[in-house]
Every structure is written in structure tokens, then in C-alpha cells.
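This report goes through one protein model, starting with a single helix and ending with the whole chain. Please look at the structure before reading on.

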Amino acid sequence: MNQIHANIQVSLSHMPLIFDSHSDYGCWTYYEDQMRLAPSLTEHAQRVQAGGIGMEVLVIGGQSVLDEVDFRTRDTVLTAMQSVRMALSDPCLGYTQVLNRQDLARLPEPGRVGWTFGFEGAAPITSLDDLWKYHEVGLRVLSLTHAGDNDIACGRDREPGLGGGLTAFGRELVKALDDLPIVIDLAHLTDRGVMDTLELINRPVIISHTGARAVCDRPRNIPDDIIRSVAARGGVIGIFAVGYYLHDGEGAATAEAWLRHIEHVVELVGPEHVGLGTDFTDYMSEIFDRWHIPHLKPTVAGVPDCSHTKVFLEMLAGRGYDKHVIGDMAWKNFARVYDASLPRD
Ligand SMILES: [Zn+2]
């Protein structure tokens, strides 16, 4: 941390904006509304801009259950999507929804933050027809699983090697997805599930938020062969800022530990396959205590929430990366895969 922070004086003359490929704040916006909590969206939007984020993939739905708000069910998901879209349309917030390639091409734009809907886990999808229905209401990023198993595939948050791959329905769904203008996200999926999926599809995928298992040996992180396989398809791997998965110890990880994950992927497959998927959950602190998962709260030292995300850029600059390479890792790599996956207009 100290050495890197000393080097942070090497500032970028034009700081590129950051494409953050994973934020749970979509779920949280609806949860606050349903639980009649004081809305924090205005503050969040300010933090996002302060952090240098120019695109935020907001997860809503999927496999999360926040108290009585069950994002696995169709009615909740559809109501939540409408509610979140309306909340984000307040022009004072500076958000702009990205639904197609043209929307994406207008970004990054200083003072504006692009956003789009993702599902974390495909639990609300019970038939292939559902895919198009959710697409119609704005779903643009789909991960197949969350932490556990569902009707589509097995989640990787278990001992490595124990998880299965895609189910029969999962295989049908992935084949259908290959023709759909939706970004395919393999975060949380088991190794076998990733390989099953790559066999069935013909376009680049992302792993929106993960760490490298060679650096920190937790089942949630991905091994080198998965990194290579995703990169071989032109895909991008987003490194998260969740301390528990970045180092073996307790508490916040150091910036060096964060950087080790990024550099491991860079050394293995090149910087064109690396991005950032922060997965900050500071706003869910009380829920993590109640769920008995307080170990997942610490982030990276000095990077407690999204308002500090630009430390990522300073860290890379301090390490001596070329500004074009930093721009690729900050924005262009994810934008490339999104451009290949989103509808034309
Ligand atoms: Zn996740």
C-alpha cells in the first residue's frame, strides 16, 4: 500500500472514466423503496461520479433475497426494474440508460454515468421465452448463477471441483442466449459450468467480478485455465474489490494485493482481457452482519466504497502502465465485449 500510494503522485493527465461491470446497487435501490428506508440514491450517484465511474452495471433480480424482497420471482423483478428505471431517470442524478450500441458509443461522457440492468443469477428465467421478455424491459447482462445452485447451473461458492456444470435446461438457455443481444456473464459459475458454456456459444463473454485463484486460493476465484479460456474467446475478466477474496488474511486487502490479481491476469493473457467489477456492498453492511457474513464486508484499504474507485487508475499509473493500456483496462475492454453483444439500436 505505502509503496503504491507513494507512486500515486504519478497522476494521469487525463483520467479515463471507469466501466464498473458489477454493482448490487440496483437491488439496493428497490430494497430501500420497499423497506421504506431513507433513499440513498442521490448520494450514491454523487459517489459514483466522484469515483470516476462512467458506466455502472446495476444488478437487479437474479438470486438475491433481501428480507421479504425476493428477486428470484418474476413479479418482484419486473416491478423492481420499472421502479429502478424510474428512480434513475431523474435528470439531477446524471444517469443515462444504455440499451444498445449507440447508447454505449455516446459514452464515456464526463458528468454522465451510463447504466444498464444485469441479473445476478438467472433464477427468474424459467422458460426460453422469458429471455426476450426480460430483454424487452431492459435486461442486458445475464449471469447464470449467484452463490448457489439453481435450475440452470451450479454456483462456484463451494469447494473447487465439487460443483457441477450446466443442467439440461441450462444448456438450452445458453444456446438461446448465443443468439440474443445480452452480455453473457460467467461470474459465480463453476469451472465446469464455464467450460460447458464456452462449448455452446460463439462470442466473447465476461466474468464481471472475480479474483484469480492462483493469487488467493478461495473457491469463489477463478483458476488460470478458466482465465485462459475466457480470454481465448476475446472475453474480459473484471477484478473485484472484495478484500476476503483478494488476500488470505482478515480485513481489508492492501492495494498491492488488489494489484496482484490484476497483474496475474495481465501476465497470463494480456491487459486487453482485464477490467474492473468492484462489487462494493458498503451500503449493505447491516445486512451482511445479520447474514453472518461480516468477513465479506472489508474491501481494499483506502477504497471503502465506489467514491474511491479511481484509486484503481492511480495504482496502475503508479505501476508504470502506459496510459493507453490503463484506458483499455478502465473502459475499452468491457466496452468492446458489450459492443459485440448489445443490440445495434
Ligand atoms: Zn456476485
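The model is predicted. Within it, helix α3 covers residues 41-50, and its buried residues are His44, Ala45, Arg47, Val48 and Gln49. An α-helix has 3.6 residues a turn, so residues three or four places apart point the same way.

What do the buried residues of α3 pack against? The partners are listed below.

| Packing partner of α3 | Residues |
|---|---|
| α2 | 25-34 |
| β2 | 53-62 |
| β5 | 95-97 |
| β6 | 113-120 |

After α3 comes Gly52, which has a positive phi, near 80°.

Helix α3 belongs to a protein whose secondary structure comprises 14 helices and 11 strands. The radius of gyration is 18 Å, close to the 20 Å that the globule rule gives for 345 residues, so the protein is as compact as a globular protein of that length. The C-alpha trace spans about 55 × 45 × 45 Å along the principal axes. Buried residues make up 51% of the 345. Among contacts with a separation of 6 or more, 74% are between residues 24 or more positions apart.

How confident is the prediction, and what is the mean pLDDT? The mean pLDDT is 92, and 94% of the residues reach 70 or more. Over residues 5-10, however, pLDDT stays under 50, and the model has five contacts beyond four places in sequence for this stretch. Where pLDDT is low, the predicted coordinates should not be read in detail.

Key. Residues numbered from 1 in each chain as written. Predicted model: local features only at pLDDT ≥ 70, side-chain atom pairs only at ≥ 80, totals over all residues. Helix = DSSP H or I, 4+ residues; strand = E, 2+ residues; numbered from the N terminus. Rg over C-alpha atoms; globule rule 2.2 N^0.38 Å. Buried ≥ 20, exposed ≤ 12 C-beta atoms within 10 Å, placed from the backbone. Contact = placed C-beta atoms within 7 Å. pLDDT = per-residue confidence, 0-100.
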